[in-house]
Amino acid sequence: MNINVVKTTPYSDQNPGTSGLRKKVAVIQKPNYLENFVQSVFNALPSDERNILVIGGDGRFYNNIAIQIVIRMAVANGYKRLIIGQNGLLSTPAVSNLIRIKQANGGMILSASHNPAGPDQDFGIKYNNENGSPASNTLSASIFAASLEISQYTIADISEVNLRDIGDVVLNRTTISVIDSVQDYIECMKRCFDFPKLRKAFASERLSIRFDAMHAVTGPYARSVFVDELGASSDSIINGEPREDFGGGHPDPNLVHAKALFESMHDANAPVLAAASDGDGDRNMILGQGCFVSPGDSLAILAEHHKIIPQFKEGLCGVARSMPTSTAIDRIAEDLGIQSFETPTGWKFFGNLLDTSNISLCGEESFGTSGNHIREKDGVWAVLFWLSILEASGKNVSQLLVSHWQRFGRSMYCRLDYEGISADVAADLMKNMQFGVSESRLILKHTNIAGADSFEYIDPVDGSVSSNQGIRVFLTGGSRIVYRLSGTGTDSATLRIYLEQYTNSAQDFVTSLDIPNATADLAKMAVELAEISQRTGMTSPSLVT
Ligand code: VG1
Ligand code: CO
């Protein structure tokens, strides 16, 4: 077998964002673009961390081509073993689990997660480390640095590797193991939850579910877990077959992109729980009969009831949320007498806290939640957690929400996205906010602003510092406005404004409350403070979730 050494020149834009490198498919297809990035990852790793690699993707357009390139390059770079999901499919949580149980050095995930798929849409690739956690900022910086000075890459001259059949093939010094994409993940879920109890509840119809896999990678996982293992009816999974274009949809599980699912939960025969997943299976939207659970409330309610699942029967050592995520979890942590950490957006910041048992549960406002069983967010896991709570409490989703609010108060939460802003305008807008914070000018603009800052995180484990992670405006009474720019887009900039309005008045404890309406004054203030319409020309957000 020939190993080809190919001369190349650097691209200047291979800096990983919130969650790996995401680009338009046409960019990824540029000559040597993907090869440069993959080689830069390998170059950034010490040679003793290039032995066992897990590889899989969310099945989107270009997955099949990209995965063959990654395999040929890993063989050329001397990996001893490659563990690959059948047909190239692995959800992000499944990759994280495989890295850990197979003692791999890391994993390469081919996914742009919630970004749409297809020839004119997005593709992505990210590297996870030996604990199964997304590459740290430090490793990402080394990968970017390597990409700026790359001059050659190595690639094996081999024909297409068959990923349809499970089994091992030896090529040169590399064993290529094609494995069942789902099986190990199911075993992991069985260690976290009481499957026999859940199965009984499905059999007696106390539990029922509708799971929208949005034609992305989660369909096979959801079918195995909910239908095959727990006995849910076979029509419980909708949009269950992975497709290259995700069926033309946008696999971002929120009330806008999974609207039909939400509407179906108002039917008389609606199941007890509904959930929707994102492209790579790491996020979850939770719905009850006629009601939506905001992600911050979901995280807090999981923490509140943590003891009922085997994984947490010994208790939680601590919890964490990303900075924009609602503070509901902090109130539970206080009640439990444990610490709640506040990290920048992106799962990579939870890895160190999980590895050192500072936390055992964490989540983000963008519908990502997970525990210490892996080092990624995990959509199916969150759904199993909710089912377990419903089973153990005998309450329905609305009752769980209302009793949570009655005890701890409610963070009414809303996110406004302003998409398609030019990068310069967005950067200026944020610069202006930074200035307002540093000069304390923001505080003077409204009598009810109690403080404001630019969020900086010092990792308590490795001491690394992440600055400029978003602007926080604190209001009297515990409400907040947060501003930050998205780090997952592939063309223009997206400004995200996060609104959190705290209430402890009983009249707000109804699940049908119109949240955008209830937070309208806060939204108006947020828009004025940042001079959104003057600076962007936009009079309303492109997306409200
Ligand atoms: C978004 C979310 C963030 C999430 C990230 C990756 O990032 O806000 O919470 O961790 O996507 O999730 P940003 O920078 O666009 O706000 V996924 O499911 O795309 O891997
Ligand atoms: Co995702």
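**Entry 1: strands β3 and β4**

I began with Val54, which stands opposite Ile83 in β4. The model I am reading is a predicted one. I then looked up the pairing of the two strands: β3 and strand β4, residues 81–89, run parallel and are joined by five bridges. I also checked how far β3 is covered, and found that five of the six residues in this strand, residues 52–57, are buried.

**Entry 2: two residues with positive phi**

I stayed with β4 for Asn87, which lies in that strand. Its phi is positive, about 60°, although Asn87 is not a glycine. I noted this value because most residues other than glycine have a negative phi. Is Asn87 buried or partly exposed? I recorded Asn87 as partly exposed, because its relative accessibility is 39%.

I found a positive phi again at Glu531, about 55°, and this residue is not a glycine either. Glu531 is placed in the loop between α18 (520–529) and α19 (532–536). With a relative accessibility of 23%, Glu531 is therefore also entered as partly exposed; the cut-off for buried is under 20%.

**Entry 3: strand β6**

I turned to strand β6, residues 122–128, and asked how many of its residues are buried. The count is seven of seven, and I entered the strand as mostly covered. I then separated the two faces. On one side I listed Asp122, Gly124, Lys126 and Asn128, and on the other Phe123, Ile125 and Tyr127; all are buried, and both faces are covered.

Next I looked up the partners of β6. Strand β2, residues 21–24, runs antiparallel to β6 and is joined to it by four bridges. Within this pair, Lys24 has Asp122 as its bridge partner. Strand β5, residues 106–110, is likewise antiparallel to β6, and three bridges join these two strands. I noted Met108 opposite Tyr127 of β6.

**Entry 4: a sheet of five strands**

I traced an open sheet of five strands and wrote down its order as β11-β10-β12-β13-β14, with mixed pairing. Which strands form the edges? I entered β11 (237–238) and β14 (291–293), each of which pairs on one side only. The partner of β11 that I examined is strand β10, residues 209–212; the two are parallel and share two bridges. Here Asp212 is opposite Ile238 of β11.

**Entry 5: Leu400**

I looked up Leu400 and found it in helix α14, residues 397–408. Its relative accessibility is 1%, so I counted Leu400 as buried. I also took its C-alpha to C-alpha distance to Ile389: the two residues are 9.0 Å apart in space and eleven residues apart in sequence.

**Entry 6: ligand 1**

I closed with ligand 1, which sits in the second largest pocket. I counted 20 residues around ligand 1, and the closest are Thr18, Ser113, Gly487, Thr488 and Arg496. What is the make-up of this shell by class? I recorded ten polar and ten charged residues, with no nonpolar residue.

I then went through contacts to oxygen atoms of the ligand. Thr18 places a polar side-chain atom 2.5 Å from an oxygen atom of ligand 1. For Gly487 the atom concerned is a polar backbone atom, at 2.6 Å from a ligand oxygen. Asp282 has a polar side-chain atom at 3.0 Å from an oxygen atom of ligand 1.

Definitions and conventions: Residues numbered from 1 in each chain as written. Chains lettered and ligands numbered in written order. Predicted model: local features only at pLDDT ≥ 70, side-chain atom pairs only at ≥ 80, totals over all residues. Heavy atoms only, no water. Near = heavy atom within 4 Å. Polar contact = N/O pair within 3.5 Å; in protein donor to acceptor, adjacent residues only side chain to side chain. 1 Å grid on protein atoms, 1.4 Å probe; cavity = no way out; pocket = protein on both sides within 12 Å on 5 of 7 lines; lining within 4 Å. Sits in = over half its atoms within 2 Å of the grid points. Nonpolar A, V, L, I, M, F, W, Y, C, P; charged D, E, K, R; others polar. Buried < 20%, exposed > 50% of the residue type's maximum accessible area, 1.4 Å probe, protein only. Pairing = 2+ DSSP bridges.
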